[in-house]
Amino acid sequence: MSTPYPFTAIVGMADLRLGLLLNAVSPAIGGVLVRGEKGTAKSTAVRALAALMPKLDVVPGCRFSCDPAAPDPRCPDGPHEAGPGEARAARMVELPVGASEDRLVGALDIERALAEGVKAFEPGLLADAHRGVLYVDEVNLLHDHLVDLLLDAAAMGASYVEREGVSVRHASRFLLVGTMNPEEGELRPQLLDRFGLTVEVAASRETDERVEVVRRRLAFDADPEGFAARWTAEEAELRERIAAARALLPEVRLGDAALRQIAATCAAFEVDGMRADIVMARTATALAAWAGRTEVLEEDVRRAALLALPHRRRRNPFDAPGLDEDKLDETLEANGGSGDGDTEPDPDPDGGPDGEGPGDGPDGGGPEGPDDGGPDGGPGGRPPHEGHEETPPPGAPESADSPGSDAPEGEPALPRQGAPAERAPAPAAEPFRTRTLYVPGVGEGAAGRRSRARTAQGRTTGARRPRGALGKLHLAATVQAAAPHQRSRGRGGPGLLVRRDDLREAVREGREANLVLFVVDASGSMAARRRMSAVKGAVLSLLLDAYQRRDKVGLVTFRRGDAEVVLPPTSSVDAAAARLESLPTGGRTPLASGLLTAREVLRVERLRDPSRRPLLVAVTDGRATGGVEPVARARRAARLLAAEGTASVVVDCEAGPVRLGLAGELARDLAAPAVTLEELRADTVSALVKDVRRVA
């Protein structure tokens, strides 16, 4: 077994360490979600925490880690007789991103259940983690239904497995820790709310601290056991402090004054539901126990709010988590506080009496090499620019990039002297609810909410022989397959003789997530400020829709003489919104380059994830200028995408009383529907073709 990095050797990261330690003291808090950039000790800190957990007494031979002093009466391995237990270390169980539902909750042997009436149950990771730590790295990349199962078990303290009327239940209480990099996509607000605490981590910008991080990591890599031995005393001291805080926790008093401050704080920040109030109360109590007190103080309430509320204030995927500390101090003061907002309990959670933590000593260092860069924050929607489209002043020279100056095909016009090289980015208009666009046919991609697909969840549409391990049993089809063979198998009793060849699994149809690739025209023909503001608002609305449907998104823009992949396919709509907000406009319209660049992005993505079907959304007025035969090249590129079966839709951005209908011609070449910005709105009376039709 590899030697874990010592928890007390971590430099800085006070919020991260405190959040983990508070959950070790009081698992009822509900776990901690660690958000931050790559290379910031998230995973190493969690693994180091498991070594600090007190040892457990378990029933010998019990696969569910029952406590011999109070065994679970419904344990599948029970009932357990009274007797001495055996001591072992608390487990730290890791849930892989690609884990199946059976691997998480456990699997029932349906064949034995039907043939022998035996509940043959193979425990999953939720059973392994009982009374220990369950760690989910990159929890934002985990399938939503697995996150739901995980958080349900954490909330109820038990896991339920049901297959075709056969049910098994077992205890599952654990310290839940999830880590995520927001650059790779956000969790839904409903799932964020289920985590008790959240902490934000980032690499230090202090040179001395970064030096210690590197020095300590190199020393650990060179001699893990020797390095860990140097921290044995500090680890033992911290382990004893956790045990002491756990013992003191039942004696901590949460007075009415503190409870009123908690309720007032949650109300002031307009937090949904009551879970935040409960988590804050448990966190403040744990903070008091950690400090060795039996009374909750205002400083405990303040610190609890900073840990429990930021992630619960997100209203949409473009909102960044955070808390206004000035408003927090005003609320606490108005509800009986002292007004001293600078008091924080034990900023160094594993520090000693002298205030210097082990990680701040001469040997201090962090577990992972630092990495620059942080998550992309989403800008959210902004109101459109008031006024009319910008026009040059009288007498000003007309730019070749202006909407009315497109040169004839094959004769690119030169920009006139004095023309602006680039326009400042226009703000995005307020996002709106869009009509839903689908990819035609039935896919087999990752579970989502957009297009039809054969998935593990959804309505049953048929039955088939299992491909590998049995999934969802189709009971009627199984009985129908076994019934003709009962006499030849010598059936003599009421039971049904079932063999593996008889088993049939259900074929289910649900919804899948897709790759939505936006190809946005940012040329001079789109550069009128009000027009581009409306276009950005429409794309922002489609991004919000993609977030809600769990899609991956990508962004290609074309302007001047070429196209650019502004954002490769990603699960982070925040990053896409940020790129969109800063998108400049101006120049010619290389439509063909935009389409061909999108084709190359889709080709590479098919190799990486062949089961995820793409949807190309071209946002343009259909103009094509610059280069040799720009219109003909654009039409050839569009027909090439259509011939390859790429599902597309064209959002027609042409404005004004006179319209050329170029976007409609592009849509015909793509074998795609064309919709105007007005038709894209879900609340409009205009009908929108929802299914994107392919042409063979």
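Start by selecting Val 516 and Val 553: in this predicted model, Val 553 of strand 15 is the bridge partner of Val 516. Now extend the selection to the two strands around this pair. Strand 14 and strand 15 run parallel and are joined by 7 bridges.

**Strand 15**

Keep strand 15 (552-559) selected and show its side chains. In a regular strand the side chains alternate between the two faces of the sheet. Here Lys 552, Gly 554, Val 556 and Phe 558 point one way, while Val 553, Leu 555, Thr 557 and Arg 559 point the other way. Are these residues buried or exposed? Both sets are buried. With 8 of its 8 residues buried, strand 15 is largely enclosed by the rest of the structure.

Move to the end of the strand and select Arg 559, which stands opposite Asp 562 in strand 16. Strand 15 and strand 16 make a hairpin with 2 residues between them. In the turn, Arg 560 has a positive phi of about 55°. The two strands of the hairpin pair in the antiparallel sense over 6 bridges.

**The sheet around strand 15**

Next, show the whole sheet. It is an open sheet of 6 strands in the order 16-15-14-17-18-19, and its pairing is mixed. Which strands stand at the edges? They are strand 16 (562-570) and strand 19 (674-676); each has a single partner strand, so one side of each is left without a neighbour in the sheet. Look along the sheet to see the twist, which averages 20° from one strand to the next.

Now select residues 515-521 and 614-620. These are strand 14 and strand 17, which pair in the parallel sense over 6 bridges. Within this pair, Leu 515 stands opposite Pro 614 in strand 17. Add helix 18 (residues 591-608), which packs on the sheet and touches strand 14, strand 15, strand 16 and strand 17. The direction of helix 18 makes about 30° with that of strand 16.

**A second sheet**

Go to the open sheet of 5 strands with the order 4-7-10-1-11, where the pairing is parallel. Its edge strands, strand 4 (92-94) and strand 11 (197-201), each pair on one side only. The twist here averages 20° from one strand to the next.

Select strand 1 (residues 32-36) and strand 10 (residues 175-180), which run parallel and are joined by 4 bridges. Leu 33 stands opposite Gly 178 in strand 10. Then add helix 1 (residues 14-25), which lies across strand 1, strand 10 and strand 11. Helix 1 runs at about 155° to strand 11.

**Helix 11**

Now select residues 256-268, the 13 residues of helix 11. At 1.5 Å a residue the helix should span 18 Å, and its end C-alpha atoms are 18 Å apart, which agrees. Colour Ala 258, Gln 261, Ile 262, Ala 264, Thr 265 and Cys 266, which are buried. What covers the buried residues of helix 11? The cover includes helix 12 (275-290), helix 13 (298-308) and helix 14 (325-334). Just after helix 11, find Glu 270, which takes a positive phi of about 55°.

**The whole chain**

Finally, zoom out. The protein chain has 20 helices and 19 strands. Of its 696 residues, 52% count as buried. Among contacts between residues at least 6 apart in sequence, 79% join residues at least 24 apart. Show the surface last: the accessible surface comes to about 31,000 Å², and 50% of it belongs to carbon and sulfur atoms.

How values were computed:
Residues numbered from 1 in each chain as written. Predicted model: local features only at pLDDT ≥ 70, side-chain atom pairs only at ≥ 80, totals over all residues. Heavy atoms only, no water. Buried < 20%, exposed > 50% of the residue type's maximum accessible area, 1.4 Å probe, protein only. Contact = heavy atoms within 4.5 Å. Areas by Shrake-Rupley, 256 points an atom, 1.4 Å probe, with all protein chains shown as cover. Pairing = 2+ DSSP bridges. Axes fitted to C-alpha atoms, helices over the stretch in contact; angles between N-to-C directions. Expected span 1.5 Å × (residues − 1).
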